[in-house]
Structure formats: C-alpha cells, structure tokens
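Colleague: I am new to this structure and would love some company while I look at it. Could you pick one part and take me through it slowly?

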Amino acid sequence: MRTKMADLDSPLKLSGVQPPSEGVGGGGCSEISAELIRSLTELQELEAVYERLCGEEKVVERELDALLEQQNSIESKMVTLHRMGPNLQLIEGDAKQLAGMITFTCNLAENVSSKVRQLDLAKKHSTNLE
C-alpha cells in the first residue's frame, strides 16, 4: 500500500510533528525522534522527514550565524570590561572611603547639634534664674 504525501502530515504517521517554523530551535532537539525515523519504511515518508530535518537545520544554521555575527562585538565588550576591572576596584575603594567620611561627618553634626541644644537649654535656664 502506497502512502500519499498528504498522509505524511497525519498525526498517525508523524506523531503530530509540524514542519519547523522560523525561529524555532534555541538549543532544542529536533521534534522528529530517531525512533520515528527508524520506524519509517516508505520512501515518501523518509523524504518528507528528511525535508523537515533539512528545514530545521536551516533554522539552526541561521540562528548560529546570527550568534557568530555577535561574537566579535561580545568579545570586544568583554575585553573592555576586563580592562575596567582595576579602575572599578579603585572607585569602589574610594566610594567606601567617602561613605565612611560621610558617616563620620554625620555623627559630628549630630554631636554638635546635641551640644547646641544643651547650650540653649542652659542659656534659657540661666536667663530664667536672673
């Protein structure tokens, strides 16, 4: 019994596998299992599966090409970040030092404010005694 091409798209023959769509892939395996391929006996079935696998391969190749096009840009950014490392460590140290100075200044300001309040109270107390 010969299989028609329309039968190859039926869920019974190819387990509901649809032709690859654009942008599919992203590290996933083919939707067509090795078991399914081994179970096929008709030439037309094998050709249909082969065409689908070729389509999936083209999608993966396009995705790979897009990633490879970005490689130089990513590598140059990584080199720049690597060079910035020591400067960022210096900036971090300066920022910590500045934060410490700000905390110290804040504490001094609070102490001075407290002393001023004490002096104001003492002044009011002394003017009330007179």
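Modeller: Happy to; what follows is a walk along one helix, with a short look at the whole protein beforehand.

Please keep in mind that this is a predicted model. The protein has four helices and zero strands, so read from the N terminus its elements simply go α-α-α-α. Of its 130 residues, 10% are buried. The part I would like to show you is helix α4, which covers residues 43–129.

Let us begin with Y50, a residue of helix α4. Y50 counts as exposed because its relative accessibility is 56%, and the cut-off for that word is over 50%. Its C-alpha atom is separated by 9.9 Å from that of I32, a residue 18 positions away along the chain.

Y50 also falls in a stretch that has a record of its own: an unreviewed UniProt entry lists residues 43–70 as "coiled-coil region". In the model, that span is 100% helix and 0% strand, and 41 Å lie between the C-alpha atoms at its two ends.

Next, have a look at the acidic side chains. On the surface, E57, E61, D65 and E69 come together in a patch of negative charge. Take E69 as one of them: this residue belongs to helix α4, and it is classed as exposed because its relative accessibility reaches 67%.

Further on, the surface has another character. Here I74, M78, L81, M84, L88 and I91 make up a nonpolar patch of about 590 Å². A good residue to click on is L81, which is also part of helix α4. Is L81 buried or exposed? With a relative accessible area of 51%, L81 is exposed, since the cut-off is over 50%.

Our last stop is a pair of charged residues. Side chains of opposite charge can pair when their charged atoms come close. E92 and K96 do this by forming a salt bridge, in which the closest N and O atoms are 3.5 Å apart. That is within the 4 Å allowed, so the contact qualifies. Why are these two separated by about one helical turn? Because they sit four residues apart in helix α4. Their accessibilities fall into separate classes: E92, at 42%, is partly exposed, while K96, at 57%, is exposed. The count for the model comes to one salt bridge.

To retrace the route, helix α4 took us from exposed Y50, through the negative patch that includes E69, across the nonpolar patch that includes L81, and on to the salt bridge between E92 and K96.

Methods
Residues are numbered from 1 along each chain as its sequence is written. This is a predicted model: local features need pLDDT of at least 70, side-chain atom pairs count only at pLDDT 80 or more; totals for chains, interfaces and linings use all residues. Side-chain values use heavy atoms; hydrogens and water are left out. Patches are made of residues with over 30% relative accessible area and no salt bridge: like charges are joined within 9 Å, nonpolar side chains (Val, Leu, Ile, Met, Phe, Trp, Tyr) within 5 Å. Accessible areas come from the Shrake-Rupley method with a 1.4 Å probe; for residues, only the protein chains shown count as cover. Lys and Arg count as positive and Asp and Glu as negative; His and the chain ends are not counted. The place of a charge is taken as NZ of Lys, CZ of Arg, CG of Asp or CD of Glu. Buried means under 20% relative accessible area, exposed over 50%, partly exposed in between (1.4 Å probe, protein chains only). UniProt positions are given in the numbering used here, feature names are shortened, and annotations may be inferred rather than shown by experiment.
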